[in-house]
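Biologist: I am new to this structure and would be grateful for a guided introduction. May we go through it by question and answer?

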Amino acid sequence: MRSLSIGSLVVALVVLGVVRNTYAEQVDDPVLIFGKPYIRVSSLAGSRAYEMKGADGLVVQVKEIRARNEAVAMAFIGDRLALFKSVFETKRVDYPGQHSRVIECPAEYKPQFAETNREDYYVAYFMGFANQNKVAGACLPDLIAYRHMYGFVYCKKQAQLFELDHYSNPKLNAPSQFLEALSCEP
Amino acid sequence: MRNQKCLSKLVINSALFGMSLAFAQFSTGAESTAIATTPSSSTKLSWFIPDGFRADPDLFNIFQWAKDGKLPNIKRMMESGSYGYSVPVFPSHTPANFAALLTGMYPKTNGVPDGPMRVEGQSLEKSAVGGFSSSARRVPAVWGQFGHDKRIVLLSMPGSTPPELKTNAVTIRGRWGGWGADTHSVIFEKASIEQRTKLARNSRLFMQGMELTRYLDPDPKWKWPLNGEEKNSSYLKLDLYGASVFAKLQRTKVKGGQRLTAVAFSRDGEKTEVVLKNGQWSQWFPIEIEWNGRKVTSNFKFHVISAGPEEFFRIRVLVDSMNSLNVEPPDVADAIRSDIGPMVDFPDNFPAQLVYYPDDKKTFLSEVKQSIDWHRRSVDSIYSKYHPDIFIHDIYTPNQMLTSKWWMGYVDPTSLRYRDISDRQRKQLWSEVMEMYKGIDTIVGKTLDNADQDTLIVFSSDHGAIPLDSSVQINNLFAKKGWITYAINPNTGEPSIDWLKSKVVFLKMSNIYINPNGLGPTYKRTSGPEYDALRQEVIAALDSLQDENGRKPLDQAVKWEDVESRLNLPPDRTGDLVIANRPGFGWAEDITNDGKIFVLPLESGYKQAVFAGNVRGLWAPFIIVGKGIKRDHAIQQPISNIDQLPTIFRAMNIESPRKMEGRVIDEIFVNR
C-alpha cells in the first residue's frame with residue numbers, strides 16, 4: 001500500500017516532468033577540449049557531444065567517438081569522410097528523365113580536403129560551405145550561410161577521436177585560427 | 001547502493017505503470033479513452049507520413065473504411081482525435097509536399113518546388129539542387145526546431161539527409177537524399193535485344209551509373225562447384241556492389257524439350273546455399289560490399305521472378321537498404337538490423353522495373369509486404385532502443401503501389417484503362433490495394449502502442465495519386481517546331497540536345513526553359529520582345545495541343561514573373577514557364593524517333609503537376625491525436641499541407657522562430 005502510494009507519486013512526477021527521464025544523458029558543466037571550454041549536449045546514440053558558440057555566428061560541434069586504437073580510428077575517419085564527400089559527387093537526379101540526369105555541385109562550392117599528421121595529433125578535414133540549417137551541400141550562392149569545416153582530430157597520446165563540425169561566418173577566417181590553435185592538451 | 005537499486009526499480013516499475021495507463025487509452029477502445037480531456041500541451045511527437053497514401057471522400061474513403069472496421073488503428077485515431085483531408089501544394093509531388101509539411105511553408109519560401117532544380121548561370125543538363133536533399137531547404141524543418149533536449153529519430157524521411165541533426169538524434173536515410181551508400185536492388189535477366197530495347201533508358205537508374213535491370217548470358221566459365229558433374233545446368237555470375245554471387249540454372253526435361261525449373265545460389269561458388277523455384281524467395285545472406293572504396297556490411301536476398309522455357313530467367317536480388325554508410329550515427333544500422341533484420345524500405349525501384357512481365361506483379365506485392373513488415377517492426381525497435389521524444393517516419397510503399405503499372409489505372413473509374421479488365425479482375429486489384437492500406441494501418445497501430453499520454457500522434461501523407469492515361473512528350477512538339485536541335489548518340493541510341501542551338505525545352509517536373517539565343521552552355525533568363533514573342537508562341541502551342549480524343553493536357557502555363565503570386569513557387573528555382581497538366585496526363589521529357597507526343601505510359605498512376613484543390617484523388621489524410629485535441633471530430637473543410645505543422649506546433653505549445661505560412665486549424669482544439 002505504502003509502495004503503491006510512493007509509486008503513484010513518482011508516476012505523477014514523471015508525468016509532470018519533474019523526474020528527469022533516466023535515459024537522457026546529463027548535461028555537464030563546461031569541459032576543456034582542444035584547450036577551449038565546451039558545453040556538453042545530449043547525445044542519443046552513445047557518443048559524447050559538445051558544443052561551443054562564439055562571436056560572429058561561430059558554432060563548433062565536437063563528438064567524441066569511441067575508437068579502440070589508431071587503426072580503428074583511421075578506418076572510421078575513412079568511412080565518414082567518404083560519406084561526407086558523397087554529398088558533392090555527381091549523382092542521379094531524384095526524378096530522372098531523358099534529359100534530367102545529373103545533379104552536380106559546381107566546382108567552386110565543392111569542399112577542399114586537407115590533412116595534417118603531427119606528432120601529437122592527426123587532423124583530416126573538408127573545408128566548404130553549409131546552409132543556414134548547418135547542412136553541408138550548399139552549392140548555390142543563396143544557400144551559403146556558413147563556412148563549414150568538417151573533419152576529424154585523432155589525439156595520438158590520449159587515443160581520443162573527435163568528429164568536428166566548425167561553422168563560421170564565410171567572410172572570416174575562423175577555421176584557420178581554430179586549426180592553428182588546435183591542441184590535444186586540455 | 002541497495003537503496004539506489006530499489007529506487008531505480010521503483011522508478012522503472014512506476015514508469016511502466018504510468019505507461020501502461022497511457023497505452024490503455026488506445027487499447028481499450030473509444031469509450032475508455034481520455035486523451036483529449038487535459039487542456040495542456042503534448043511534449044512529444046510521433047508523426048507517421050506514408051508517401052502517396054491517397055485518401056478522398058469518393059473512392060479511397062479511408063475514414064469510411066476505418067469506420068467499417070477495415071482499418072482498426074486509423075479508426076482508433078479518429079475516435080481519439082480530429083481528422084480530415086489535406087490538399088497538396090503545387091506541384092503535387094513528394095519533394096515539394098514533404099518540404100511543405102515539414103516547414104509549414106510554401107515552396108516560394110522553403111525553396112523546394114521540385115526534385116531537380118535548375119538555376120541561372122548553370123547548365124540545364126546538370127541540376128544544381130536536389131529537392132530531396134536537406135541542403136536545398138532555405139528554412140528549418142520541423143526537427144530543427146525542438147532544441148537539444150529532445151531525442152529525435154527520423155526514418156526514411158525525404159529531406160532529412162545529409163543529416164541536419166548530429167547529436168541526440170538518429171537519421172535513417174532509406175531511399176532519399178543523395179547522401180551515403182546507395183544499394184538499390186537489381187534484376188538479372190537473360191540477355192535479350194528486344195527486351196533491352198524495350199526497357200532502354202528505364203532500366204538505368206542513372207545514365208552513367210548502374211543498371212537496375214542487367215542482362216547476361218550463362219557462361220560455362222562460372223561453373224560451380226569446380227569438381228561437380230552436372231549436365232543439366234548452366235551458370236551465371238551476378239556482380240553487385242563489388243560482391244559476386246554464383247547462380248546455377250537447373251534444367252528439367254519436359255515434353256518437347258527442356259526448361260529451367262530452379263536456380264541455385266552460392267556466395268563462394270562451392271556450397272549451394274539455397275535452391276529456388278519460380279516465385280520463391282531465399283532468406284537474407286550477409287555479404288560484404290564496396291562503396292566508394294569502403295567496405296560495407298550488407299545483406300542480399302534472392303528471388304526467382306521467373307525461370308522457364310527458352311532458358312529465360314529473371315532473378316531479383318534484394319539488397320539491404322540500411323548500412324553504416326547511410327545512417328547517422330553509423331552504429332544504428334547494426335543495432336536495428338540485429339533487432340529486426342535487413343531493411344526493405346519500399347518495393348521495386350525508381351524508375352520502376354517490376355512492370356514488364358506478369359510475374360513482376362507478384363514480386364512487387366511480395367516486396368510491398370516485406371517493406372510494410374520491416375517498417376512496422378521498426379517502430380517497436382526504435383522506441384525500445386532510442387526512446388524518441390520526436391519520431392517522424394515515412395514509408396514510400398503506398399506511392400510506389402498507387403503509381404505503378406498494375407493498380408490505379410484499373411481501380412479508378414476516371415481512368416481510360418478502367419474498362420480494360422473485368423469487374424472480377426478489378427475486385428482482385430482492390431483487394432490487393434486494401435491489403436496495402438491494412439498494412440499501413442498496422443504501422444499506425446505500432447505507433448499508437450508506443451505513444452504515451454504526452455505524445456501528439458499525427459498521421460498524414462504528402463499527396464494521393466490519380467490515373468495516368470497518357471504521357472505527353474512535349475519536347476517532341478518543340479522539336480517539330482524547330483525549337484530543339486538534337487542529335488542521336490551513336491553509342492546509346494538516345495537523343496542528345498544541342499543546348500547552344502535549342503531555344504525551348506521542357507525539363508521535369510513542370511518547367512519550360514526559353515531563350516531565343518540558345519539555352520547553353522549555361523542557362524540565362526532573358527527578356528525583350530523576341531523572348532516575349534517566343535514565350536507566347538510556346539504557350540499558344542501548348543494551349544492548342546490535344547490528343548486524338550480532343551482532350552487538352554494543359555491546365556495552365558504560368559510565366560516565371562507570376563509563379564510566386566499565383567503558384568507560391570520561387571521564381572529563381574523554376575523555368576520561364578511552369579506548366580500544370582490536367583488529370584489523366586503527365587509531362588515527359590522524351591524526344592523520340594517517331595515524334596509521338598501522346599503515348600501510353602507503363603505506369604498507370606500519377607501525382608506530379610496537377611492542381612490538387614479540385615482533384616480529390618490527390619488529397620491525403622490528416623489525423624491528429626493528443627492533449628487538447630477534440631475527439632472524434634471531423635474537420636469541416638480540407639486543409640492545406642502547409643497547415644499541418646503550425647497546428648502541430650500549437651498542439652505542442654511550440655513557438656516557431658519563423659512565422660509559418662500555414663494556418664493553425666483552430667477547430668480541432670478543445671480550448672480554441
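Biologist: How many residues does each chain bring to the contact?

Modeller: This is a predicted model, in which local features need pLDDT of at least 70 and side-chain atom pairs count only at pLDDT 80 or more, while totals for chains, interfaces and linings use all residues. Residues are numbered from 1 along each chain as its sequence is written, and chains are lettered from A and ligands numbered from 1 in the order in which they are written. With contact meaning C-beta atoms, placed from the backbone, within 7 Å, the contact takes 51 residues from chain A and 64 residues from chain B.

Biologist: Which element gives the largest share of the side of chain A that touches chain B?

Modeller: Helices (H or I, at least four residues) and strands (E, at least two) are DSSP runs, numbered from the N terminus. Elements that each supply at least two residues of this side include β4 (59-65) and α2 (70-86) of chain A. The largest share, 6 residues, comes from α1(A).

Biologist: How many helices and strands are there in chain B, and what is its radius of gyration?

Modeller: Chain B has 15 helices and 32 strands. The globule rule (2.2 Å times the number of residues to the power 0.38, with the radius taken over C-alpha atoms) gives 26 Å for 672 residues, so chain B is as compact as a globular protein of that length, its radius of gyration being 26 Å.

Biologist: Is helix α4 (residues 94-103) of chain B mostly covered or uncovered?

Modeller: A residue is buried if 20 or more other C-beta atoms, placed from the backbone, lie within 10 Å of its own. Buried residues of α4(B), among them Phe98(B) and Leu101(B), pack against α5 (107-110), α9 (397-402), β19 (455-460) and α15 (644-651) of chain B. With 10 of its 10 residues buried, α4(B) is mostly covered.

Biologist: How are helix α7 and helix α8 of chain B oriented to each other?

Modeller: The axes of α7 (residues 331-340) and α8 (residues 358-386) of chain B come within 10 Å and cross at roughly 120°; axes are lines fitted to C-alpha atoms over the stretch in contact, with angles from 0 to 180 degrees between N-to-C directions. Angles under 35 degrees count as roughly parallel, over 145 as roughly antiparallel, 65 to 115 as roughly perpendicular and the rest as oblique. The two helices, α7(B) and α8(B), are therefore oblique.

Key. A residue is buried if 20 or more other C-beta atoms lie within 10 Å of its own, exposed if 12 or fewer, and partly exposed in between; C-beta atoms are placed from the backbone. Two residues are in contact if their C-beta atoms, placed from the backbone, lie within 7 Å.
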